[in-house]
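This report describes the fold of one protein chain. The sequence and the coordinates come first, and the description follows.

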Amino acid sequence: MCRITAGTAVNNYYTEKCLVKQLCYIDRVLSYLGIVFMRFIIAFFLSFLLLGQQFSYADFPIQGRFSINDCQAYTSIRSKSQPVSLKPSQVYQAVGLNKEGGDFVSIKVDGANKWVNKNCGQLTLTGTNSDNSKPTPNNNNTGTKPTPSENYLLAISWQPAFCETHANKVECLDETETSYDATNFTLHGLWPDKLSYCGVSASDIKKDETGNWKDLPPISTDAETASELSKVMPGVKSYLDRHEWYKHGTCDGRNADGYFDIAIDLVKEINASNVRSLFAQNIGKTLSLAEVQKAYEKTFGPGTAKSMNLKCSNGLATELRVKIKRPLAGQKLGELLIPSGGTSCDKVKVDPVGVGT
Ligand SMILES: [Ca+2]
């Protein structure tokens, strides 16, 4: 109906040849509106695609775990769409950050990728998707050496109770009534708070997590440390030392020799305490938490029992968990104790060597 004819411009205006001039104006307006509408549609789809890429997928791929406090996760960071409530204390697989060092973590929730604020929980990196063979520091600051934890947990075992449920472990098959661990506490681990697998390759993490501890690289300690460790940690026979080193010790900031020297000294202090003699004198008998706490405070001082939790399984005392400040070489346990806030068993039996007895 209306045609703009090139080459007929007069004074910079086009001459229009229309059959009906009024219809021509309407047609031009509709044409203009159509172009505007088409541009709007194109812009809408382009922004949808771009926003979808930015907010639905991780921009900086990672491998890790995310422990939740109490939060919701969303499909879109910006619009907080499709919120789901996360389960406190559950650990979710972390697959990305919104950018390197970003504030939002992409986690797997029932198979779907969801965004959650990093402050909602504790992110533990176990590697990066971009280069699985490259050692990666395992803290919240990707690419930087982890800052040593301020606080640690010292886990010491009553080995006969462990052997009740792990009878086929070499260290349990070898255990007799005259073994060191029949009447002494043993080292389970010395764990820096909130960190694990620092600078450990993804392949070694996999070996560790699947219990293939024997294939982890041997740890480097001097002969004296190795000898003492095999005494206070019977699990060395099952390569527990390698598991503890790669999962926890690598985040200590010291080498394996220095790290285990400190752990050994702390266990020796427990075994020189009234708690050890209380246990040794009550093998096969039941102790109350109050009795254990009293013995603990007799050695370490009034009020220190708050640093210790007595753990049990099927009524048997399994572990003492002791909350401490980051220990330095030569520091005494009594200087390091801090309140733990954990839970304890009220009554425990001190298990003798031998399964079922
Ligand atoms: Ca037993």
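Which residues have the most contacts inside the largest nonpolar core? In this predicted model, they are Ile156, Ala263, Leu266 and Val267, in a core of 54 residues. Helix H8 (residues 256–271) supplies the largest share of this core, with 9 residues. A second core, separate from that one, has 9 residues, including Ala73, Ala94, Val105 and Val116. In soluble globular proteins, nonpolar side chains tend to be buried together.

**Overall composition**

The chain contains 11 helices and 13 strands. It has 357 residues, of which 33% count as buried. Contacts between residues at least 6 apart in sequence were also sorted by separation: 67% of them join residues at least 24 apart.

**Strands S8, S9 and S12**

Strand S8 (residues 151–157) has 5 buried residues out of 7, so the strand is largely enclosed by the rest of the structure. It pairs with strand S12 (residues 316–325) in the antiparallel sense, over 7 bridges. Within this pairing, asparagine 151 stands opposite lysine 325 of S12.

S8 also pairs with strand S9 (residues 186–192); these two strands run antiparallel and are joined by 6 bridges. Serine 157 stands opposite threonine 186 in S9, and isoleucine 156 stands opposite leucine 187 in S9. Isoleucine 156 is also one of the residues with the most contacts inside the largest core. S9 is mostly covered, with 7 of its 7 residues buried.

**Leucine 266 and leucine 333**

Which residues does leucine 266 contact, leaving aside its neighbours within four places in sequence? They are Leu154, Leu190, Pro327 and Leu333.

Leucine 333 belongs to helix H11 (residues 333–336). Not counting residues up to four places away in sequence, leucine 333 touches Leu266, Glu269 and Phe300. Leucine 333 and phenylalanine 300 are 33 residues apart in sequence, yet their C-alpha atoms are 7.9 Å apart in space. Leucine 333 has 22 other C-beta atoms within 10 Å and counts as buried, because the cut-off for a buried residue is 20 or more.

**Helix packing**

How do the axes of helices H6 and H8 cross, and at what angle? The axes of helix H6 (residues 223–232) and H8 come within 10 Å and cross at roughly 45°. The two helices are therefore oblique to each other, and their crossing is left-handed. On the H6 side, the residues that meet H8 are Thr225, Glu228, Leu229 and Val232; on the H8 side they are Asp257, Phe260, Asp261, Ile264 and Val267. Of these, Val267 is also among the residues with the most contacts inside the largest core.

Helix H9 (residues 274–281) packs against helix H10 (residues 289–300) at an angle of about 140°, and their axes are 7 Å apart. That angle makes H9 oblique to H10. Asn274, Val275 and Leu278 of H9 meet Glu291, Val292, Ala295, Tyr296, Lys298 and Thr299 of H10.

**Two loop residues with positive phi**

Most residues other than glycine have a negative phi, and most peptide bonds are trans. Tyrosine 239 departs from this with a positive phi near 65°. Asparagine 314 likewise has a positive phi, near 50°. The table sets out both residues.

| Residue | Phi | Loop | Other C-beta atoms within 10 Å | Class |
|---|---|---|---|---|
| Tyrosine 239 | near 65° | between H6 and H7 (240–247) | 20 | buried |
| Asparagine 314 | near 50° | between S11 (308–313) and S12 | 10 | exposed |

Is tyrosine 239 buried or exposed? Tyrosine 239 is buried, with 20 other C-beta atoms within 10 Å, and the residue lies in the loop between H6 and helix H7. Asparagine 314 is exposed, with 10 other C-beta atoms within 10 Å, and its place is in the loop between strand S11 and S12.

Terms used. Residues numbered from 1 in each chain as written. Predicted model: local features only at pLDDT ≥ 70, side-chain atom pairs only at ≥ 80, totals over all residues. Core = buried A, V, L, I, M, F, W, Y, C linked by C-beta atoms within 7 Å. Buried ≥ 20, exposed ≤ 12 C-beta atoms within 10 Å, placed from the backbone. Helix = DSSP H or I, 4+ residues; strand = E, 2+ residues; numbered from the N terminus. Contact = placed C-beta atoms within 7 Å. Pairing = 2+ DSSP bridges. Axes fitted to C-alpha atoms, helices over the stretch in contact; angles between N-to-C directions. Parallel < 35°, antiparallel > 145°, perpendicular 65-115°, else oblique. Left-handed = near helix turned anticlockwise from the far one by under 90°.
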